[in-house]
Amino acid sequence: MIERRWLAGIVCGLGISVLVHAVPLLDGNVIPVKPAKLTPQKKEAFLWIDNALPELARLNDEIWRKAELALQEKESAEILASYLETSGFRVERGVAGLPTAFVATWGSGAPVIGVLGEYDALPGLSQEAVAFKKPLAEGKPGHGCGHNIFGVASAAAAAALKQVMAREKIGGTIKYFGCPGEETVTGKVFMARAGVFDGLSACLQWHPGAENEVSLDSSNALNQFEVEFFGRTAHAAGDPWDGRSALDGVELADVGLNFLREHLKPTARIHYVILDGGGAPNVVPDYARAWYYVRNLDRDSVEKDYARVLDVIDGAAKMSGTTYKIRFISGVHEVLPNRVGAETVYANLLLVGPPAFSAEEQAFAREIQKNLGVAEKGLKTGVEPFREPEKSWGSGSTDVAEVSWITPTTSLSVAYEPEGTPGHHWAAVACSGTTIAHKCLQTAAKVMAATGLDILQDPQLLKKMRDEWLSKTKGKPYLSPLPPDLQPPVKK
Ligand SMILES: [Zn+2]
């Protein structure tokens with residue numbers, strides 16, 4: 001674990017007060033990056049975002065209130081699609097067979113800059129914008145991953161870019177991708193397979209979090225699938241020899257997988273839940289169903305582990321005398337970081353600076369921390385150092401990874417969660433419905449717009465990003481982890 005220490009303070013000189021947000025103490029892993037230059041075009045974009053903030057805040061709060069689940073984000077997608085349509089973008093709704101996916105395009109010709117937006121909420125996390133647990137509607141979804149902020153900030157970046165490009169006669173195309181179902185790791189996977197991201201020169205992406213940071217770390221590749229076991233029912237005491245337990249199939253599969261772990265690389269991760277295990281102990285269950293995740297550092301490792309997992313499931317069916325059916329849900333690659341792009345985003349994050357949270361917003365964050373029993377440090381006010389990637393051990397997975405194998409993709413995190421509070425939690429829902437979220441989205445939109453302008457105005461930068469991407473992908477075309485005949489999991 002690398003210790004992160006900070007110097008922060010007020011420097012006064014020449015009669016000007018300058019807030020030094022955070023100056024990292026250098027260590028071997030820190031990559032020195034200077035703040036990007038404030039060009040007149042960036043200034044224009046920042047001003048546009050500042051002026052648009054009341055409307056952006058309204059959109060943020062509206063999507064926060066709707067809190068629609070993955071692939072059901074009908075109204076949230078429409079709020080963003082019509083915002084961009086009104087801003088002059090051409091909108092194509094329902095792409096890749098996903099009714100809540102859309103693409104909003106402005107401009108023409110190269111370069112083509114993509115901006116990713118997400119807007120799905122999480123089940124059971126409904127929460128008012130208060131510092132203690134208080135559901136808005138008991139048991140309903142809530143924005144516990146800040147995707148309401150995500151979708152709006154990306155739309156703001158796209159609209160700001162369009163504004164400046166039109167006024168300054170900067171050539172190129174901006175494409176906003178309305179990406180549904182990120183929480184189920186599905187939306188972008190189906191969009192990628194359908195070729196929705198093809199033809200991009202580069203793509204910008206961000207995620208709200210606890211830190212202001214640009215990371216070179218990757219994520220885990222993943223396969224997720226369901227297995228149904230089919231047996232034969234019988235009286236569990238009267239004639240169990242006539243029964244074949246589907247639950248035995250699931251249990252033997254899980255026992256086998258737990259033994260398998262020892263003989264996989266330590267970076268492999270297998271998780272499961274039993275969704276259906278029968279109705280009563282005195283009836284031999286003829287049906288059982290379980291849901292599995294297989295993760296590892298890269299796509300090849302997941303494919304290899306997955307093949308062995310399938311063998312174990314097959315063996316379990318033989319042992320239990322049952323049959324089984326596999327329903328593949330989704331699969332993703334690991335994220336392919338782009339160092340040149342990341343450095344550019346980081347330079348722009350230093351230029352824009354972290355969100356300037358008010359004393360009241362910090363007090364709100366500390367109250368949440370107090371209620372959760374974690375250190376009352378408030379929200380991060382500094383920018384984390386730009387570091388060499390760390391060895392990955394068991395990180396999560398994201399469908400953004402698919403885009404990163406189709407075009408050089410940049411990432412960014414901007415703070416909205418109080419330090420030390422868990423993600424996917426009521427605390428995150430509370431913060432994403434307040435002015436904390438508005439400041440977070442303002443910062444993210446500015447950093448992405450500035451990065452977009454750098455790419456649009458500096459062909460050498462884009463070339464370097466693409467050269468790096470080409471050398472890492474070795475020119476291999478993107479291969480979807482999905483079976484070719486798999487349809488998106490959309491309720492008809
Ligand atoms: Zn998320």
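**View 1. The largest nonpolar core of the predicted model has 79 residues.** Within this core, L84, F102, I174, W206 and L412 have the most contacts. Helix α3, residues 147-168, supplies 13 residues, the largest share of the core.

**View 2. Surroundings of F102, one of the residues with the most contacts inside the largest core.** Neighbours within four places in sequence are left aside here. F102 is then in contact with A77, L80, A81, L84, V91, E92, R93 and V95, and also with Y119, Y176, F177 and G178. L84, another residue with the most contacts inside the core, is thus shown again as a contact of F102.

**View 3. A second nonpolar core is separate from the largest one.** This second core has 49 residues, including L116, V185, Y293 and A317.

**View 4. An open sheet of four strands, with antiparallel pairing.** The strand order is β10-β11-β9-β12. Strands β10 (269-276) and β12 (323-332) lie at the edges, and each of them pairs on one side only. On average, neighbouring strands of the sheet are turned by 20 degrees against each other, direction ignored.

**View 5. Pairing of strands β9 and β11.** Strand β9 covers residues 221-230 and strand β11 covers residues 287-296. The two run antiparallel and are joined by 10 bridges. F225 stands opposite Y292 in β11.

**View 6. Helices α5 and α6 pack on the sheet.** Helix α5 (residues 246-260) touches β9, β10 and β11, and its direction makes about 20 degrees with that of β11. Helix α6 (residues 299-320) touches β9, β10, β11 and β12. The direction of α6 makes about 10 degrees with that of β9.

Notes
Residues are numbered from 1 along each chain as its sequence is written. This is a predicted model: local features need pLDDT of at least 70, side-chain atom pairs count only at pLDDT 80 or more; totals for chains, interfaces and linings use all residues. Side-chain values use heavy atoms; hydrogens and water are left out. Two strands pair if DSSP finds at least two bridges between them. Axes are lines fitted to C-alpha atoms, for helices over the stretch in contact, and angles run from 0 to 180 degrees between N-to-C directions. Contact means heavy atoms within 4.5 Å. A nonpolar core is a set of buried Ala, Val, Leu, Ile, Met, Phe, Trp, Tyr and Cys residues joined through side-chain atoms within 4.5 Å. Buried means under 20% relative accessible area, exposed over 50%, partly exposed in between (1.4 Å probe, protein chains only).
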